[in-house]
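Student: I should like to learn how to read cavities, strand pairing and helix packing in a protein model. May we work through one case together?

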Amino acid sequence: MRIRPRQQLLDLWRAHLRTSFREGAWVWGGRDGRNSVSDAEQLMCLLYPSSELANFALDPDSIATAVDVASVTAVLGEDIRVGAALVAKLEEFFATYTDAEGEPIFPGGSYFRDAGFGEPTAAQCELEVVDSYSMSLSLCIASLRFLRGIERYLEHEVRREARRLNERVKALIPQVSTRLTCAMVGLIRSFVMDTPPFSSPPGQQILDLVNQTGAPAKEIIADFSAALGPIRVQAETDVRSGHPEGIDLRDDNRAFECGWTWGIGRDVGPRADVTARIATQPGYAVTQPYLYFTLVALDGIKDLYSQRTSEPDLFEPHQVELVESLKRRAELAQKYWSTISRFGRGRWPLEDLPWRTSDGKQSDYYSLAVTAFLIQDLLEKESTSDLDRTAAVLRQLAERGRITSRPTPDDPADQLHHPGLLLTLKGSEDVDGGPVLGYHVNDYTTLLLKRSLQAARLAREVPTRVALLDLAESALVHLEARAIATGCSAGLWDNLGGNGDTTDPAPSWFLTERVMECLVVAHNTFDRPPLAAPSMRAAALIKISEADHLFIKETLQVGDDVDSPRYTELAAIEESLTQANALMDKQPSTAEALAYSVLLRLAALAYAREDATR
């Protein structure tokens, strides 16, 4: 299967609207019911592509020029009715997840699972989770872009329905901004740093992970502390605020971890610079980073400071410092995990599959999450120094996850895809006397697909890029086999596990939204200029140089008759050569092909001239 991002995104939109918009009414929820994360994911499937990709924009002007987009969105109406329908759904979402006091709420709800200790209580279902903060962050950014676009269009409209819609948009924007502020504060207060002694069980787990050579513990501790020195200093100076005073971030006799836990940390202090309730409400999450929630947080934060969010009217003045605070935490976490993944002089800890966490758990999912941190770090540094080794880890994880290899009966790898990795949310048992909660994540394939595409964008050598794109296509084939095949939700995900109804299964918005993200990444990957390796330029240059020489030689044989067929052919050849020279830096293979064509035409001219002489 080939990756065709535009067509596949349109197919996803078509299936999305078929299942979400039935008989003129919007249907919320999917396989897991409604909650603040799932509802945001359902909206993001439409809004994220429209805000990230110019040719998927849903404002009336853009829809009018994109016939295929207009065809898909026709179920919502025409002209400004498409925008009005989406505005109505945003109004419903923000009303549903705002309490009676006007405070945004971020409950995990039906995404919380029984982790083997009993069903969640009603109070526990109201616990807020990092997934909701991060997804709300991305949703608010996409919503603001969408609403600002609609607002600009409506400025010049005089129709009554346009004026009414403009009033609704202006009333909705402050609600979106308020939720964005609270989501940022929730993420800031969910960032944790842990410094267990190396003699403790967590410290020993970290030590065992990074010691890939069997060296004495004292030597590894010294080297590890030296590698983390700059990160500890950055943590002390940039993100210390709000964390317990008892933590000594510079103590070399202690290990160090940082990232996001599952919710507001129980030891994280309040934010004095924000008046919303989320700035002071108590936290229950254990002070220990989770790889999944750290990765989710980083993806959401990236939307904050990506290029398109630099629009001057996107953030309120009081939000700018929150953005910077999150950016500092994201940079710190990414540095930490990319450093520990490659620590040492021999085999990387990342290459010792599967990855082991400080609480003693291990899984290929954790290895894939750490690989994602490393790829993101390489992308931001535009470095390819470790790309080949990272790509080799991705290929191993694809095989171990049975994406590129055949599964066996009762294969343990199947658990990665359904029901997924079960995370235990430590600290949730402190609420309402309930059990420890669980949280399933089954996005192994989409995570592999997304990171393979991002790594391929970074590749500078043809074999590496081809191998990564082949890996991405294998992941897409795996996903296509898991798409729902029957009912209203046909074309969405996921058919694994089902919901007891084989004729019309409900979709998992958790996985469908992640497939959508992968297709957006694929669109951006293929929208860039193709690979132009030095070896490709050299090959093109050789043919162009020879073609240039033969062209000039052939012009020596032409008379002054500008109407002759030979003169016309040489003029066309010169145009092709000019085009080949212009493309040599950005599309060397295309330039080489043009030069090859020119060489054939010049050979034909030379043969014809010699034949005429005979």
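Tutor: Let us begin with an enclosed space: about 100 Å³ lies in the second largest cavity. Please bear in mind throughout that this is a predicted model.

Student: Which residues line the second largest cavity?

Tutor: For any cavity, one lists the lining and then asks which elements supply it. Here the lining consists of L295, L298, D299, K302, Y305, A330, Q334, A372, F373, Q376, E380 and R451. Helices α11, α12 and α13 (364–381) each contribute at least two of the lining residues.

Student: How do the residues of that lining divide by class?

Tutor: Six are nonpolar, two are polar and four are charged.

Student: How many cavities of 30 Å³ or more does the structure hold, and what is the volume of the largest?

Tutor: There are five cavities that reach 30 Å³ or more, and the largest has a volume of about 220 Å³. Of the 22 residues that line the largest cavity, Q288, P289, T357, S358 and D359 are the closest to its centre. At least two lining residues come from each of α9 (201–210), α11 (291–304), α12 (317–341), β6 (355–356) and β8. By class, this lining comprises 13 nonpolar, five polar and four charged residues.

Student: Strand β8 leads me to the sheets. In what order do the strands of its sheet lie?

Tutor: One reads a sheet by strand order, direction and edges. Three strands form an open sheet in the order β3-β9-β8, with antiparallel pairing. The edge strands, β3 (112–114) and β8 (421–425), each pair on one side only. Neighbouring strands are turned against each other by 50° on average, direction ignored.

Student: Over how many bridges do β3 and β9 pair?

Tutor: Strand β3 pairs with β9 (residues 437–441) over three bridges, in the antiparallel sense. One example is D114, whose bridge partner in β9 is L437.

Student: Finally, at what angle do helices α2 and α7 pack?

Tutor: For a helix pair, one considers angle, separation, handedness and contacts. Helix α2 (residues 36–52) packs against helix α7 (residues 130–154) at an angle of about 40°, and their axes are 9 Å apart. The crossing of α2 past α7 is left-handed. Among the α2 residues in contact are V37, A40, L43, M44 and L47, and those of α7 include M135, L139, A142 and F146. The contact has ten nonpolar, five polar and four charged residues.

Definitions and conventions: Residues are numbered from 1 along each chain as its sequence is written. This is a predicted model: local features need pLDDT of at least 70, side-chain atom pairs count only at pLDDT 80 or more; totals for chains, interfaces and linings use all residues. Side-chain values use heavy atoms; hydrogens and water are left out. Axes are lines fitted to C-alpha atoms, for helices over the stretch in contact, and angles run from 0 to 180 degrees between N-to-C directions. Helices (H or I, at least four residues) and strands (E, at least two) are DSSP runs, numbered from the N terminus. A crossing is left-handed if the near helix is turned anticlockwise from the far one by less than a right angle, and right-handed if clockwise. Contact means heavy atoms within 4.5 Å. Ala, Val, Leu, Ile, Met, Phe, Trp, Tyr, Cys and Pro count as nonpolar, Asp, Glu, Lys and Arg as charged, and the others, Gly among them, as polar. Two strands pair if DSSP finds at least two bridges between them. On a 1 Å grid over the protein atoms alone, a cavity is a set of points where a 1.4 Å probe fits but cannot get out, and a pocket is an open set with protein on both sides within 12 Å along at least five of seven lines; lining residues have an atom within 4 Å of a point. Grid points are joined across faces, edges and corners, and a volume is the space filled by probe spheres set on the points.
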